[in-house]
Amino acid sequence: MIRIRGGAVSARPDTLVAEEPLEIRLNGKPLAITMRTPGDDFALAAGFLVSEGVLGAAGELRNIVYCAGATVDGSNTYNVVDVQTAPGVAIPDITLERNVYTTSSCGLCGKASLDAVRTTARWPIADNPPVRVDPELLASLPDRLRAAQRVFDRTGGLHAAGLFAEDGELLDVREDVGRHNAVDKLVGRALQNDGLPLSRSILLVSGRASFELAQKAVMAGIPVLAAVSAPSSLAVDLATETGLTLVGFLRGSSMNVYAGEDRIRLRTAAAQG
């Protein structure tokens, strides 16, 4: 690439993040295509199906494989995965509720919104006793997430999703060109490890908090979703209706709490302010 800095022009190689399509098939039938960063594809597919209400426990997943002969000449591109469910798992007709194409920026475009999440949520948010988080702990999480973003350091082109314990311990971090893909990878790994619901955890995303991300948090039973940027109005509506704590504009010591403020120790914050 040609680099221009202060009027000086130079030619140099650059490192770019990979973006390729992934087709997800369910029991042999095409289901969805998403643009993603290759890696953790099986976890991505599993997490996607958790967010769709198809899977909710490790025992419901029989196998995930790359499809051989994915191209006309029979070669394997490693861009097509087939998720095989265990016998007896009911498969909802989800293709009628949303488009089958997702992008790295929007998530599930066309997804039926609040009613669909209410009716398909396998793990209602039920942290009992409730998770209680100090604002100071939340404020420390973005820097800890950023420090764990290995690929971002080389490319600057990835979103990240971090899963933290209620005491602030970093449990897992995934990166992808799509923030919703990064969350799916986290949730999918939890499903594969029989770790759902994630009822004692905090989900932090590196961008904005869209409806799709709030949906994925709710479907995994996550009680706290925090984002470094703005939430959407529909995300706030969903958080309010489901009991999700939603924090936006988490930057430095500042943050906005849009729903579920009972999980944030606001009195401590007020006294210090």
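**Close-up 1. Asp-134 and Arg-265 join in a salt bridge.** In this predicted model, the side chains of Asp-134 and Arg-265 come together with an N to O distance of 3.4 Å. Asp-134 sits in the loop between α2 (114-120) and α3 (135-147), while Arg-265 belongs to the loop between β12 (254-259) and α8 (266-272), so this pair ties together parts that are 131 residues apart in sequence. Take a look at the surroundings, too: Asp-134 is partly exposed, with a relative accessible area of 28%, and Arg-265 is partly exposed at 32%.

**Close-up 2. Asp-172 meets Arg-189 in a salt bridge.** Here the N to O distance between the two side chains is 2.7 Å. Asp-172 is found in strand β8 (residues 170-176) and Arg-189 in helix α5 (residues 179-192), so the contact ties together parts that are 17 residues apart in sequence. Asp-172 counts as buried, at 12% relative accessibility, whereas Arg-189 is partly exposed, with a relative accessible area of 28%. If you follow the shared partners outward, you will find Asp-40, Asp-172, Arg-174 and Arg-189 joined by salt bridges into one network.

**Close-up 3. Arg-36 pairs with Asp-41 in a salt bridge.** The closest N and O atoms of Arg-36 and Asp-41 are 2.8 Å apart. Arg-36 has a relative accessible area of 1%, which makes this residue buried. Its partner Asp-41 also counts as buried, at 4% relative accessibility. For those who would like to explore further, the structure holds eleven salt bridges, including this one between Arg-36 and Asp-41.

Note on methods. Residues numbered from 1 in each chain as written. Predicted model: local features only at pLDDT ≥ 70, side-chain atom pairs only at ≥ 80, totals over all residues. Heavy atoms only, no water. Salt bridge = Lys/Arg side-chain N within 4 Å of Asp/Glu carboxyl O. Buried < 20%, exposed > 50% of the residue type's maximum accessible area, 1.4 Å probe, protein only. Helix = DSSP H or I, 4+ residues; strand = E, 2+ residues; numbered from the N terminus.
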